[in-house]
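Please open the structure in your viewer and keep the sequence panel beside it, since this tour moves from one selection to the next.

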Amino acid sequence: MKAKDHWEKVYTTKAPTEVSWFQEHAQLSLKLIRDAGVSHSASIIDVGGGTSTLVDDLLADGYEHLTVLDLSGSALATAKARLGARAAQVRWVEADILKAELPAQAYDVWHDRAVFHFLTTEEERHAYVQKVLSAVRPGGLVIVATFAEDGPTICSGLPVMRYSASELHAEFGEPFQLLGHERESHRTPAGGEQKFVYCFCRKVAS
Ligand SMILES: C[S@@+](CC[C@H](N)C(=O)[O-])C[C@H]1O[C@@H](n2cnc3c(N)ncnc32)[C@H](O)[C@@H]1O
């Protein structure tokens, strides 16, 4: 099954609160963005945002330039419906991040929770990092959260990569200065535990 078909099936057969990655609020992501002192006029993209409520909370915080990109149109439709009229304040992009045509040097913050770890080939990871390099402004913040080295080996039935903070940072390399990392123990709706690692970096070169 193609990746898009997989994700459309997930989002048309499961409620947002049933998927294993569900968080009522993306607390750690919000904390990292708030603590970095990102201005409300900053352009923020949530890559593979799915039905995450991060966009709701960022809107409530007063962020004005938000983009949510996902492979699944169904996921974006669900997020838009939840937001109602506020959805019009967000740019919604249905695309594969590896192929998406993103504006150059446009984003002050790139956020990805649980998408990069699905890239199991070097080619895919290289294409992803090239997107970050071209789309994020120099000095921009890059937050990428994946399963940690002691996290699950599959997610949504698909194989995933697992990373320590230094391994994850190494995938991005020298153009990205590692500002810090956090581990998170995520409780799934079914009661399981998943270990995540969040790396936050500053893009220092193009
Ligand atoms: C595990 S979910 C995480 C969703 C969200 N980031 C969260 O934390 O709730 C992975 C998401 O990435 C999306 N996705 C997977 N591969 C993608 C790709 N190549 N380009 C864009 N989105 C992708 C899926 O549709 C799904 O919404």
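The tour starts at the ligand and then visits two threonines.

This is a predicted model, in which local features need pLDDT of at least 70 and side-chain atom pairs count only at pLDDT 80 or more, while totals for chains, interfaces and linings use all residues. Residues are numbered from 1 along each chain as its sequence is written, and side-chain values use heavy atoms, with hydrogens and water left out.

Select the ligand, and then the 17 residues that surround it, each having a heavy atom within 4 Å of it; the closest are Y11, G48, D70, I97 and R113. Zoom in on Y11, where a polar side-chain atom lies 2.6 Å from an oxygen atom of the ligand, and go on to D96, where a polar side-chain atom lies 2.9 Å from a nitrogen atom of the ligand. Taken alone the ligand exposes 590 Å², and the protein buries 95% of that area, as found by the Shrake-Rupley method with a 1.4 Å probe.

Next, select T67, which has its place in strand β2 (residues 65-70), strands being DSSP runs (E, at least two residues) numbered from the N terminus. Is T67 buried or exposed? T67 counts as buried because its relative accessibility is 7%, and buried means under 20% relative accessible area, exposed over 50% (1.4 Å probe, protein chains only).

Finally, select T53, in the loop between β1 (43-47) and α3 (54-61), helices being DSSP runs of H or I with at least four residues. T53 also counts as buried, because its relative accessibility is 13%. Now add L83, which is 30 residues from T53 in sequence and 9.3 Å from T53 in space, C-alpha to C-alpha.

How values were computed
Polar contact = N/O pair within 3.5 Å; in protein donor to acceptor, adjacent residues only side chain to side chain.
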